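Got the model open in your viewer? Here's a short tour of what to select and what you'll find there.

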Amino acid sequence: MTKYIKKAVQELAAYTPGEQPRERDIIKLNTNENAYPPSPKIAEVLRRPADALRLYPDPVCHELRNVIANLHQCRAEQVFVGNGSDEVLALCVRAFVERSGSVGYHEPSYSLYPVLAAIHEVETRPVSLGADFSWAMPEGYAASLFFLANPNAPTSILYPKDMVRSFCKGFSGVVLIDEAYVDFARENCMDLALSMDNVLVARTLSKSYSLAGLRVGYVIGSEVLIGAMYKIKDSYNVSRLSQEIALAALLDRGHMERNVARIRDTRDRVANELRGLGFGVAPSETNFLWVKPPPGRTAQQVFEDLRKRKILARYFPGPRTGEYLRITVATEGEMRALVDALR
Ligand SMILES: Cc1ncc(COP(=O)(O)O)c(C=O)c1O
């Protein structure tokens, strides 16, 4: 029956999300979720009467956009809210890349980027990162849209802002700076989206706000780019409940910041412990660690041994990524179990 399916879809290597195991007693360090609960204010939203769900949601998230605009000191017209930042990324390809255009990204980076280009049937222009996954960009590089994850995933590394700024200045297309993990980092690039016509910054509530299950992300940039995204989105892309819960979470920023502070402390301590055990650990500005086992043990072996002990990390096979494991920073107790297992 494949004759009914478009050639590009038949040939597509679909994005593989991290495993969501059914076992309950597993230590889950594979999808960079937040180990701590979201704001308690959300429980109040969930207790509201269900009657309002008869009605469609606000198609353009007025209230939520006002709160986000206030947070970032911009106009609500500069904010687009999506069903997770994944939706925002997909809309960028649809809005900013012609059929004859191209999508750029670093390698390794978030593995969804090439899949979005393949779905849209456009050329990809990957750029290999430098030694130790440092920033790299060839002279005269061009593409219609560049997905720049900063801090990068799966490497956990933050690129220096001066490099990002000068890349954006010289780039002829749109740069989407994907700041999914930026609340765990020491600096961000939001001011570039507010000052440059071709720059967008995407954020998500999935990581720092502990709301991966909610599916809310947003993007900020010039009114012209944001307006284009509104033209092509699904009519009701963010549910009524999602809008209300996101609002409660964003208005309780202190709760998020306390969780982030805890995770950063744990991260830095565990990174040092692992270095003491002979592991190579990239300098993380995220809620995960990019870890290379000591000589004599492959990353795949360590991944499988951890799995046997009911600790689930993420392993990306491949010539460069296959030497590393990506490990989410979770609670103190869970990380103690990890370090004990690795020891
Ligand atoms: C770099 C990066 N961008 C975006 C996302 C997706 O976030 P969301 O849950 O908002 O779709 C992820 C999720 O792991 C990510 O690692």
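Start with P151, which sits in the loop between β5 (145–149) and α6 (161–170). This is a predicted model, so treat each stop as a property of that prediction. Show the backbone from N150 into P151: the peptide bond there is cis, with omega near -5°.

Now go looking for another cis bond. Select E107 and P108, which are joined by a cis peptide bond with omega of about 0°. P108 is found in the loop between β3 and α5. β3 covers residues 102–107 and α5 covers 112–119.

One more backbone stop before the ligand. Pick S210 and check its phi, which is near 60°: a positive value in a residue that isn't glycine. You'll find S210 in the loop between β7 and β8 (217–220).

**The ligand**

Next, select the ligand and bring up its surroundings. Which residues surround the ligand? The set to colour is G84, S85, D86, Y110, D178, A180, Y181, T204, S206, K207 and R215. Sort that shell by class and you get three nonpolar, four polar and four charged residues. Helix α4 (residues 84–96) gives the largest share of the shell, three residues.

Zoom in on the ligand's oxygen atoms and try some distances:

- S85: a backbone N or O atom lies 2.7 Å from a ligand oxygen.
- D86: a polar backbone atom is 3.0 Å from an oxygen atom of the ligand.
- R215: here a polar side-chain atom lies 2.7 Å from a ligand oxygen.

How much of the ligand does the protein bury? Taken alone, the ligand exposes 390 Å², and the protein buries 92% of that.

**The largest pocket**

Switch on a pocket surface now. The space that the ligand takes up is the largest pocket, and about 940 Å³ of space lies in it. There are 41 lining residues; to find the middle, select Y15, Y110, S111, R314 and R326, the ones closest to the pocket's centre. Y110 is worth labelling, as it is also one of the residues around the ligand.

Colour by element next. The elements that give two or more residues to this lining are α4, β3 and α5. The largest share, four residues, comes from α4, the helix that also gives the largest share of the ligand's shell. By class, the pocket lining splits into 18 nonpolar, 14 polar and nine charged residues.

**The cavity**

Last stop: hide the pocket and look for enclosed space. How many cavities of 30 Å³ or more does the structure hold? One, and about 50 Å³ of space lies in the largest cavity. To see its walls, select L71, H72, D183, R203, T204, L205, Y209, Y218, R253 and M256. The elements that give two or more residues to this lining are α3 (62–72), β7 (199–204) and α10 (253–276). Five of the lining residues are nonpolar, two are polar and three are charged.

Keep T204 selected before you leave. T204 belongs to the lining of the largest cavity, and T204 is also among the residues that surround the ligand. With T204 labelled, you can turn from the cavity back to the ligand's surroundings.

Terms used:
Residues numbered from 1 in each chain as written. Predicted model: local features only at pLDDT ≥ 70, side-chain atom pairs only at ≥ 80, totals over all residues. Heavy atoms only, no water. Near = heavy atom within 4 Å. Polar contact = N/O pair within 3.5 Å; in protein donor to acceptor, adjacent residues only side chain to side chain. Areas by Shrake-Rupley, 256 points an atom, 1.4 Å probe, with all protein chains shown as cover. 1 Å grid on protein atoms, 1.4 Å probe; cavity = no way out; pocket = protein on both sides within 12 Å on 5 of 7 lines; lining within 4 Å. Sits in = over half its atoms within 2 Å of the grid points. Nonpolar A, V, L, I, M, F, W, Y, C, P; charged D, E, K, R; others polar. Points joined across faces, edges and corners; volume = space filled by probe spheres on them.
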